[in-house]
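Trainee: Could you take a close look at one part of this model with me? I'd like to begin with a pair of helices and then see what else is worth a look.

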Amino acid sequence: MPVTILVGAQWGDEGKGRVADWLAASSDVVARYAGGDNAGHTVVVGEQVTKLRLMPSGILQSHVTCVLGNGQVVNPISLLKEMDDLAAVGIDVSPRRVILSTRAHIITPAHIALDKADEAARGKSAIGTTQRGIGPAYMDKTGRTGIRAGQMEDVEQFAESLYQHIRAANEKLAHLGAQPLNPQDAAQAYLDAAVRLRPYLKDTALFVNSRLKEGARVLCEGAQGSLLDLDHGDYPFVTSSSPTAGGALTGLGFGPMSVDRVVGVAKAYATRVGSGPMPTELDDEIADRLRGTGENFWDEYGTVTRRPRRCGWFDAVMLRYTAMINGFTELILTKLDIMTGLESIRVAVAYELDGQRITEPPSQIEELERVEPVYESFAGWTEPIGGARTAADLPEAVLIYVNRLEALVGVPIRTLSVGPERDQLVELGS
Ligand code: GDP
Ligand code: IMO
Ligand code: MG
C-alpha cells in the first residue's frame, strides 16, 4: 500500500525535512497536512541549505509533485516568498508540480497581529508561539468564519472578504490594546498574491486519491511534533493543529486503509522551543554543548524565530506515548553525531510523581510539571560518526545506546542520521 506518514515524535525540529527529502526519493507525491509557516524544515543538498516553511520538502526531488493540503493554514505572502526563493535557485515551483488545496485556510495580517496581541496579553503564561498567526487562523477555521484558499479564484470577492475580516478583527485588536490594521492595504497586498496563486488551486483530496488509484507512492510530511499536538500534546502549550498521524488523514482526505508505514522522527536527545513542560530539560554545560553556539545551521536555534532551543536528555516515557498515539511502524533517530564527546549519556525511562514511579506521561499539565525523570546511564563515545554509512562504522557505544532506545520505545529503529547532508545516513536493516 502506497501511503507513508512521517511524523515528528517529540516537540518539533526532529529533522523531519531532512528525512522527508530522503523518503521523497522513493515517492511520487509529497504532501503537507498540517501547520503553516510556523514550521521550518531544513534540507541540505550539496552546498545548498534550504529552509522550507509551507512547501513540502519533496520540492528538492525534481520528480516529485508537492501538495499543500487542506489541513494547512497558508499565508499567501510567505508562500510566494518561499516560491520565489526556490525559483531563484533553479527549482521548478510551477503549477505543474505544486498544488494548493482550495480547502486550506488563509492566514491574514489580522491573524498575525492577534497572535502577537494574545501572547502579550498572556504575560508570564505566554505559549511562546512563533507569532505567525497560526492559532487565530485555526480559531477562525473551527469558528467557521475563516477564509479559504479557494476564495482566491474570485479575486475581487476574496479582497472584499479580507477587507471585512480585518475590520472585524480590528475590534478584537482594540480590545487587546493593539494597533488596528488598515483593511485597504491588507486587501490590496492579498489581492496581488491571489492573482499569482490562483493557478495553483485544486481539490487536493481528489488529486491525492486519483494518484493513489494509479499506484502512486504518497509521502505525508508532518510538521511540528506529536507533543505539540492540539489533542495529545502538553495542552495548552501546543500548536493549534494535529501534527500526529491521524492529522494526515483529515489534513489530506484519504482513508486509513491506504497507509502502510508510519515513520516517527526523533532526535537522539530532546529539544523544545517555546514554553511548556520538558521533564528532561538540562540547564548546564551539557545543554550548552547540545545547543551549540549558533554558528552552524544545525545548532539548536529555532529555524523560524532563531530562539535558542531548550535541550535535554532523550525521554523514553514521552516517546513510548507518541509511538502509541501515532502507531509508528519504525523510528528514525537523528543528530546522533551531536552526542559525540559526551562522557556519559542519560535516558529517562520512567518518572516519579509525588513519590510514585510512573511509566506514562500524565495528561494533566499540573502533574506533568511536577514529574522527576528516572534516568538510566550509558557510556558516551568520542569518535566523530558523520562518516559512518553502515552499523560496522559505528562505535559499540552508539549501537548499545540505539538498541536500548529501541527496546524502551518498543518500535524498530531502522535508520540513523549522523549529519544533515543527504547521504549521512546509516541503515541498520530490519
Ligand atoms: P524539522 O523542523 O524537523 O525539519 O527540523 P529543523 O530543520 O527545524 O531542525 C533540524 C536541524 O538539524 C536542521 O538544521 C537540519 O539540517 C539538522 N539535522 C538534521 N539531521 C541531522 C543530523 O543527523 N545531524 C546533524 N548534525 N544535523 C542534522
Ligand atoms: P517544525 O515543523 C518546533 C511551537 C512553538 C510554540 C508552540 C505554538 O519546524 O518542527 P504556534 O506558532 O504553532 O502557535 O506555536 O509550538 N512550534 C514549534 N516548535 N518546531 C516547529 O515546527 C514548531 N511549530 C510550532 O514554539 O511553543
Ligand atoms: Mg523545524
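Within how many Å do the axes of helix α3 (residues 109–122) and helix α5 (residues 155–175) come, and at roughly what angle do they cross?

Mentor: Keep in mind that this is a predicted model, where local features need pLDDT of at least 70, side-chain atom pairs need 80 or more, and totals for chains, interfaces and linings use all residues. Residues count from 1 along each chain as written, chains are lettered from A and ligands numbered from 1 in written order, and side-chain values use heavy atoms, without hydrogens or water.

On to your pair: the axes of α3 and α5 come within 9 Å and cross at roughly 10° (helices are DSSP H or I runs of at least four residues, strands E runs of at least two, numbered from the N terminus; axes are fitted to C-alpha atoms, for helices over the stretch in contact, with N-to-C angles from 0 to 180 degrees). So α3 is roughly parallel to α5 (angles under 35 degrees). On the α3 side, Pro-109, Ala-110, His-111, Ala-113, Leu-114 and Ala-117 do the meeting; their partners in α5 are His-165, Ile-166, Ala-169, Lys-172 and Leu-173 (contact means heavy atoms within 4.5 Å). By class, the residues of this contact are eight nonpolar, two polar and one charged (Ala, Val, Leu, Ile, Met, Phe, Trp, Tyr, Cys and Pro are nonpolar; Asp, Glu, Lys and Arg charged; the others, Gly among them, polar).

Now the sheet. Ten strands make an open, mixed sheet in the order β9-β7-β5-β2-β10-β1-β11-β15-β19-β20 (two strands pair at two or more DSSP bridges). Its edges are β9 (201–202) and β20 (425–427), each pairing on one side only. Inside that order, β2 (residues 29–32) and β5 (residues 65–68) run parallel and are joined by four bridges, with Val-29 opposite Thr-65 in β5. Helix α1 (residues 16–24) lies across several strands, including β1, β2 and β20, and runs at about 165° to β1. Helix α12 (residues 396–409) lies across β15 and β19, at about 130° to β19.

Which leads us to Asp-13, in the loop between β1 and α1. Asp-13 has a positive phi of about 60° without being a glycine, and the residue turns up again among those closest to the centre of the largest cavity, along with Gly-15, Thr-42, Trp-298 and Lys-335. That cavity holds about 370 Å³ (on a 1 Å grid, a cavity is where a 1.4 Å probe fits but cannot get out, a pocket is open with protein on both sides within 12 Å along at least five of seven lines, and lining residues have an atom within 4 Å of a point). Its 26 lining residues split into seven nonpolar, nine polar and ten charged. Strand β3 (41–45) and α1 each give two or more residues to the lining, and β3 has the largest share, with four.

For the second largest pocket, the volume is about 280 Å³. Lys-51, Arg-53, Lys-81, Glu-82 and Asp-85 are the closest to its centre, out of 13 lining residues. Helix α2 (76–88) and β4 (48–52) each supply two or more, with α2 giving five, the largest share. Seven of the lining residues are charged, three polar and three nonpolar.

One last backbone detail: the Tyr-235 to Pro-236 peptide bond is cis, with omega near 10°, and Pro-236 is in the loop between β10 and α8 (245–252).

Conventions
Grid points are joined across faces, edges and corners, and a volume is the space filled by probe spheres set on the points. Angles under 35 degrees count as roughly parallel, over 145 as roughly antiparallel, 65 to 115 as roughly perpendicular and the rest as oblique.
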